[in-house]
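I opened this entry to record what I looked up in one chain. The overall figures come before the helix packing.

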Amino acid sequence: MIEATDSEIDVAQLMTEIREAVARREATGQRSLGGAALEVYEILTSLEESQTAELGELPPLRLQPDFVPSEDDHYHINYLLQYHDHTFIWNAYRALLKREPDEEGYRQFLQGLRSGRINKLDVLASLRFSPEGKGKNVRVEGLTNRPLLRRLYRVPIFGYLLEMLVGVARLPAMIHSQRQFEGHALAQQDLLANHINQLSRTSFEVADSFSRELTELSEEQKKFAELGHQQTVGLWREQREIINRLEKLKAELEARLAVLPETLAQSSAQTPRRETGGTTAGEARGQLDELFASFADEFRGKPEEVKAGLKFYLPFLKEAGISEGVLDVGCGRGEWLELLQEEGIAARGIETNQVLVERARARGLEVIEGDALAHLRTLPRESVSAVTGFHFIEHLPFERLVELLDEIARTLRPAGLLIFETPNPKNLVVGACNFYSDPTHLKPLFPETVRFVLDNRGFEDVRILYVNPPGGSPFKDEDEGSRALDSWFYSPRDFAVIGRRS
């Protein structure tokens with residue numbers, strides 16, 4: 001590496017000579033450095049404005065031109081000297097050695113340039129005339145004489161005089177270079193200022209737009225919250241009205257049932273007994289059975305609609321290979337038994353309501369009149385393929401439900417199927433309102449609680465399925481509030497618990 005000694009030229013004297021040369025140029029009518037820089041600045045400004053108008057954005061900042069490798073390995077020294085600092089070192093390696101700089105060489109050259117210990121000519125000569133540079137044989141026009149001249153500067157006395165003569169001879173070129181540098185610096189400063197201003201405007205516009213969007217979103221959320229509150233209050237009021245009407249209906253029913261025995265007794269005293277030997281208690285029960293049969297017709301729904309909903313459970317029986325031995329507890333009007341009969345699956349039901357039993361038998365269905373738990377206790381062990389019950393277990397006290405499950409587990413065959421359907425209390429309309437439309441309901445059963453009890457009483461593969469969704473939910477947005485309201489008020493009205501005997 002060629003090292004250069006510190007120059008002994010009087011810098012103050014040189015600057016004085018430069019100022020005098022500038023004054024002479026202005027006295028003869030030639031452009032000053034400031035005027036030349038201003039002209040360059042105006043040209044760059046007009047070019048920048050035209051590009052901004054066409055593209056709608058500022059051109060990218062480029063403080064140094066892009067390096068383009070020569071195809072014939074021939075460079076002029078001025079092409080390489082136009083780069084500065086680390087970019088100069090990087091491009092010098094690419095041009096002369098045709099590779100990226102190694103870390104050690106890059107660090108030494110950069111430190112030398114920044115300290116003033118060497119200049120760019122020293123770097124180019126060191127790379128070009130190194131063994132690797134000679135092997136690449138890249139031709140750099142104007143490089144041969146300048147390093148030689150730099151070496152002559154180091155000759156005592158003669159080198160000093162030679163450097164002075166060269167400095168005076170290069171004074172016009174230095175003035176030209178200074179003019180170019182000033183114009184370039186002004187243009188780059190203005191371009192940088194325009195970029196900063198544009199960035200500030202863009203940042204402000206983005207922040208302003210984001211603020212407006214947040215404000216609009218906040219207003220929409222506020223309106224939605226108000227709407228949800230109004231709908232919730234309206235639903236709550238409707239539920240309260242329905243509950244009040246049901247409570248009045250229940251009170252009237254209880255009042256009528258309270259005086260029914262007395263009325264029947266008076267009627268019995270005035271009317272001869274039937275030849276069948278029916279008792280007053282039997283007649284009272286018959287009237288109650290008739291009442292609840294009419295209640296089922298009113299509130300249970302049309303038999304065709306109930307059968308259509310029960311088709312959901314047929315695949316579970318077929319998947320388990322069950323074609324006979326199905327017992328439906330609390331079979332009611334017999335829609336499930338009728339559906340199984342149509343599918344060729346042998347089944348029978350157990351029902352306490354005499355009126356419903358007689359109606360089911362009239363349609364050719366096998367129905368036993370009696371209590372479900374008492375009937376199960378009469379059955380042999382492992383004698384039933386499946387036990388089903390639709391809207392039945394919510395009528396039982398918890399202790400009786402556990403006894404029922406124990407008897408079902410005893411009478412089911414291995415891998416026998418258990419299916420129960422009951423109202424879903426997770427739907428608030430069902431759990432807080434509709435459930436109490438039936439005065440014989442005790443209390444809603446929580447799905448996970450029923451599953452836990454089945455797991456505990458010897459059933460396995462217990463699943464919870466939610467069925468009979470009401471539809472028509474107005475809460476279809478994807479936000480958390482809408483999903484919560486949809487779940488509370490429009491979740492499925494019933495759930496089914498399905499398990500197998502282990």
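Contact here means heavy atoms within 4.5 Å. With that cut-off I took the contacts between residues at least 6 apart in sequence, and 68% of them join residues at least 24 apart. I note that the model is predicted.

**Entry 1, the whole chain.** I counted secondary structure and got 20 helices and 9 strands. I then checked burial: 35% of the 502 residues count as buried. The exposed area of the chain comes to about 30200 Å². Carbon and sulfur atoms supply 55% of that area.

**Entry 2, α4 and α5.** I looked up helix α4, residues 85-97, and helix α5, residues 103-115. Their axes lie 10 Å apart, and the packing angle is about 135°. Angles over 145 degrees would count as roughly antiparallel and 65 to 115 as roughly perpendicular, so α4 is oblique to α5. The crossing of α4 past α5 is right-handed.

Which residues of α4 meet α5? I found Asp-85, His-86, Phe-88, Ile-89 and Tyr-93 on the α4 side. On the α5 side I listed Gly-105, Tyr-106, Phe-109, Leu-110, Leu-113 and Arg-114. Sorted by class, this contact has 7 nonpolar, 2 polar and 2 charged residues.

I added a reminder on spacing: an α-helix has 3.6 residues a turn, so residues three or four places apart point the same way.

**Entry 3, α14 and its cover.** I turned to helix α14, residues 335-342, and asked which of its residues are buried. They are Glu-335, Trp-336, Leu-337, Leu-339 and Leu-340. I then looked for what covers them. The cover includes the helices α12 (303-310) and α13 (314-319). It also includes the strands β3 (326-329), β4 (347-351), β5 (367-369) and β6 (384-390). After α14 comes Gly-344, and I read a positive phi there, near 80°.

**Entry 4, α12 against α14.** I took one of the covering helices, α12, and computed its packing on α14. The two axes come within 9 Å and cross at roughly 60°. α12 passes α14 in a right-handed crossing. From α12, the residues Pro-303, Val-306, Lys-307 and Leu-310 take part. They meet Glu-335, Trp-336, Glu-338, Leu-339 and Glu-342 of α14. How do the residues of this contact divide by class? I got 5 nonpolar, no polar and 4 charged. Glu-335, Trp-336 and Leu-339 of α14 are in this contact and are also on my buried list.

Notes:
Residues numbered from 1 in each chain as written. Predicted model: local features only at pLDDT ≥ 70, side-chain atom pairs only at ≥ 80, totals over all residues. Heavy atoms only, no water. Buried < 20%, exposed > 50% of the residue type's maximum accessible area, 1.4 Å probe, protein only. Areas by Shrake-Rupley, 256 points an atom, 1.4 Å probe, with all protein chains shown as cover. Axes fitted to C-alpha atoms, helices over the stretch in contact; angles between N-to-C directions. Parallel < 35°, antiparallel > 145°, perpendicular 65-115°, else oblique. Left-handed = near helix turned anticlockwise from the far one by under 90°. Nonpolar A, V, L, I, M, F, W, Y, C, P; charged D, E, K, R; others polar.
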